[in-house]
Amino acid sequence: MKFSEDLLATEELIVKMIKTVYDPEIPVNVYDLGLIYGIDVDEDKNVLITMTLTAPACPAADFIMEDVRMKVESVKGVQKVDLKLVFEPSWNRDMMSEEALLELGFL
């Protein structure tokens with residue numbers, strides 16, 4: 001499917017909003033942590049976020065997922081937000097952005 005400039009702009013706004021969501025135990029946003037595996041926006045601006053957590057038993061899972069949902073729903077034009085929580089592939093430190101690695105002292 002070919003994305004229009006409007007859908008690409010919406011996806012950029014979604015990423016910007018997701019970057020305001022933090023795991024309460026880690027001072028890095030969930031996007032730069034590498035927890036967002038996919039952002040799919042259809043022509044009607046329904047959004048599917050495929051994401052994971054740093055650990056399956058993450059105590060902040062509900063908080064993080066609801067924060068992602070609310071922030072993405074706040075993007076102008078977004079109609080519906082579905083979250084798909086997956087644990088394959090398992091999250092690991094290699095999925096973090098360079099900024100996240102630097103912030104956490106891994107670089």
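**Exercise 1. Place Ile64 in the predicted model and describe its surroundings.**

*Solution.* Start with the secondary structure: Ile64 lies in helix α2. Next, check its exposure. Ile64 has a relative accessibility of 0%, so it counts as buried, the cut-off being under 20%. Now list its neighbours, leaving out residues up to four places away in sequence: Ile64 touches Val21, Tyr22, Asp23, Pro24, Val30, Met51, Leu53 and Cys58. One of these contacts deserves a second look in the viewer. Asp23 is 41 residues from Ile64 along the chain, yet their C-alpha atoms are separated by 6.4 Å.

**Exercise 2. Work out which way the buried residues of α2 point.**

*Solution.* Begin with the helix itself: α2 has 13 residues, and its first and last C-alpha atoms are 18 Å apart, close to the 18 Å expected at 1.5 Å a residue. Then collect its buried residues, which are Ala61, Ile64, Met65, Asp67, Val68 and Val72. Looking down the axis of α2, you find them within an arc of 160°, so they line one face of the helix. The spacing has a simple background: an α-helix has 3.6 residues a turn, so residues three or four places apart point the same way. Finally, ask what this face meets: the buried residues of α2 pack against α1, β2 and β3 (80-85).

**Exercise 3. Do the same for α1, and add its outer face.**

*Solution.* First, the length. Helix α1 (residues 5-18) has 14 residues and should span 20 Å at 1.5 Å a residue; its end C-alpha atoms are 20 Å apart, which agrees. Second, the buried set is Leu7, Thr10, Ile14, Val15 and Ile18. These residues fall within an arc of 140° when seen down the axis of α1, so they line one face. Third, turn the helix around: the face away from the buried side carries the exposed residues Glu5, Glu12 and Lys16. Last, the partners of the buried residues are β1 (36-41), β2 (46-51) and α2 (61-73).

**Exercise 4. Find the elements that build the largest nonpolar core.**

*Solution.* The largest nonpolar core holds 31 residues, and those with the most contacts inside it are Ile14, Ile39, Val47, Ile49, Ile64 and Val68. At least two core residues come from each of α1, β1, β2, α2, β3 and α3 (98-103). Helix α2 gives the most, with five residues. To see one core member at work, take Ile39: beyond four places in sequence, Ile39 touches Glu11, Ile14, Val15, Ile18, Tyr31, Val47, Leu48 and Ile49.

**Exercise 5. Is Tyr31 buried, exposed or partly exposed?**

*Solution.* Locate Tyr31 in the loop between α1 and β1. Its relative accessible area is 30%, so Tyr31 is partly exposed. Beyond four places in sequence, Tyr31 touches Val15, Ile18, Lys19, Ile36 and Ile39.

**Exercise 6. Look for backbone features in the loops around Lys45 and Pro89.**

*Solution.* Keep the usual case in mind: most residues other than glycine have a negative phi, and most peptide bonds are trans. Lys45, in the loop between β1 and β2, has a positive phi near 65°. With a relative accessible area of 14%, Lys45 is also buried. Pro89 is in the loop between β3 and α3, and the peptide bond from Glu88 to Pro89 is cis, with omega near -5°.

How values were computed
Residues numbered from 1 in each chain as written. Predicted model: local features only at pLDDT ≥ 70, side-chain atom pairs only at ≥ 80, totals over all residues. Heavy atoms only, no water. Helix = DSSP H or I, 4+ residues; strand = E, 2+ residues; numbered from the N terminus. Expected span 1.5 Å × (residues − 1). Buried < 20%, exposed > 50% of the residue type's maximum accessible area, 1.4 Å probe, protein only. Arc of directions from axis to C-beta. Contact = heavy atoms within 4.5 Å. Core = buried A, V, L, I, M, F, W, Y, C linked by side-chain atoms within 4.5 Å.
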